[in-house]
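Visitor: I am new to this structure and would like a close look at a single part of the interior. Please take one residue as the starting point and work outward from there.

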Amino acid sequence: MRLNLPDTDILFSDSRGCHADGRSVVLESKSAPHLTYHLLLPRERHPDGRVLVSVHGVSRNAEEHIELLRPLAERHGVLLVAPVFSADRFRDFQRLGRKGRGPRADLALIRVLNELNIATGWDTSKIDMFGFSGGAQFAHRFALAHPRRVRRLALGAAGWYTMPDDTLPYPFGTGDASGLDAVRLNTVAAARLPTLVLVGECDDRADDEELNRSQRVCGSQGDTRLRRARNWTRAMNGFAARRGEPEQVSLVTLPGVDHSFRDAVIEGGLAAHVFRHCYAAPAPTRLRLPSDTESANSYAGMSRVSFNMEPSTNHE
């Protein structure tokens with residue numbers, strides 16, 4: 001089943017299946033080799049042509065991002081894009097793909113956005129971006145490298161951050177970024193982006209084996225995701241304040257939530273916070289998931305793409 005869009009042969013010829021309503025597909029990028037992405041086209045497009053990119057962590061759960069964000073994406077008329085940075089190819093995607101560590105994940109996403117613009121007519125030159133865990137790492141570093149491509153930013157429970165400190169080399173700080181060819185990190189522009197940081201109030205385990213436990217990160221950012229979120233928020237707002245500019249980064253803790261994307265959405269209202277931040281409209285604090293029957297009908301005809309789901313050595 002194909003969508004009635006211009007140039008659909010360019011975009012949809014490799015579709016791995018679609019929902020019964022013909023609006024959610026899994027695609028292989030034509031311009032970014034080895035990059036697969038999930039795409040949700042809302043039934044009613046918002047006049048502003050809203051585009052939200054949602055980025056997974058090391059679990060590569062892009063399909064789950066579509067599933068849990070779909071109700072609010074439909075309500076707000078948002079084109080929802082969830083790339084899949086495979087573990088075998090994009091092993092350094094959280095850091096954008098430094099030299100010698102695989103292809104550049106940021107440039108691959110930009111190619112996808114450009115091809116979506118051609119195929120759908122949606123303006124993808126400036127997007128809203130959300131990432132969870134390793135995806136939040138990617139998202140805030142993407143914003144540092146390409147701030148003109150981002151309108152609003154939402155970060156869910158990043159494992160660690162690039163601090164606004166040019167005395168520290170990238171990815172620890174915004175200093176030497178020679179590992180990213182042709183990129184000059186723009187902390188000033190990134191600090192001007194409206195940014196929402198979200199983390200579960202129970203995501204505070206210092207013994208979390210998935211965290212980067214290096215002395216450099218623990219010493220400068222703290223030893224839990226919650227502390228690191230607080231410290232990065234303060235650092236970014238402090239950077240802006242020293243330049244006489246308004247603080248743009250806000251932090252929300254999700255009650256009773258640990259490090260689970262699904263729990264953060266269903267129990268903690270993460271999706272509602274993200275869509276309210278990006279689109280300034282009230283949304284419910286809890287999300288009702290579809291029944292088993294509704295899910296089966298919604299996903300009828302959609303074949304699952306098989307991805308490498310082996311545990312990654314890349315720390316969140």
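**Leu-270 and its surroundings**

Guide: Leaving out neighbours within four places in sequence, Leu-270 is in contact with Phe-130, Phe-132, Leu-198, Leu-254, Phe-261, Ala-264 and Val-265. The model is a predicted one. Leu-270 belongs to the largest nonpolar core, which has 85 residues. Within that core, Leu-270 is listed with Met-129, Phe-130, Phe-138 and Phe-275 as the residues with the most contacts. Phe-130 is thus named a second time, having already appeared among the contacts of Leu-270. In soluble globular proteins, nonpolar side chains tend to be buried together.

The interior also has some empty space: the structure holds 3 cavities of 30 Å³ or more. The largest cavity contains about 50 Å³. Its lining consists of His-140, Ala-143, Leu-144, Leu-153, Ala-190, Thr-195, Trp-232, Met-236 and Val-249. Of these lining residues, 7 are nonpolar and 2 polar, with no charged residue. Two helices, α4 (134-145) and α7 (225-242), each supply at least two of the lining residues, and α4 gives the most, with 3.

For the wider setting, the protein chain has 10 helices and 8 strands. Buried residues account for 57% of its 316 residues. Of the contacts between residues at least 6 apart in sequence, 66% join residues at least 24 apart. On the outside, the chain exposes about 13400 Å², and carbon and sulfur atoms supply 46% of that area.

Notes
Residues are numbered from 1 along each chain as its sequence is written. This is a predicted model: local features need pLDDT of at least 70, side-chain atom pairs count only at pLDDT 80 or more; totals for chains, interfaces and linings use all residues. Side-chain values use heavy atoms; hydrogens and water are left out. A nonpolar core is a set of buried Ala, Val, Leu, Ile, Met, Phe, Trp, Tyr and Cys residues joined through side-chain atoms within 4.5 Å. Buried means under 20% relative accessible area, exposed over 50%, partly exposed in between (1.4 Å probe, protein chains only). Contact means heavy atoms within 4.5 Å. On a 1 Å grid over the protein atoms alone, a cavity is a set of points where a 1.4 Å probe fits but cannot get out, and a pocket is an open set with protein on both sides within 12 Å along at least five of seven lines; lining residues have an atom within 4 Å of a point. Grid points are joined across faces, edges and corners, and a volume is the space filled by probe spheres set on the points. Helices (H or I, at least four residues) and strands (E, at least two) are DSSP runs, numbered from the N terminus. Ala, Val, Leu, Ile, Met, Phe, Trp, Tyr, Cys and Pro count as nonpolar, Asp, Glu, Lys and Arg as charged, and the others, Gly among them, as polar. Accessible areas come from the Shrake-Rupley method with a 1.4 Å probe; for residues, only the protein chains shown count as cover.
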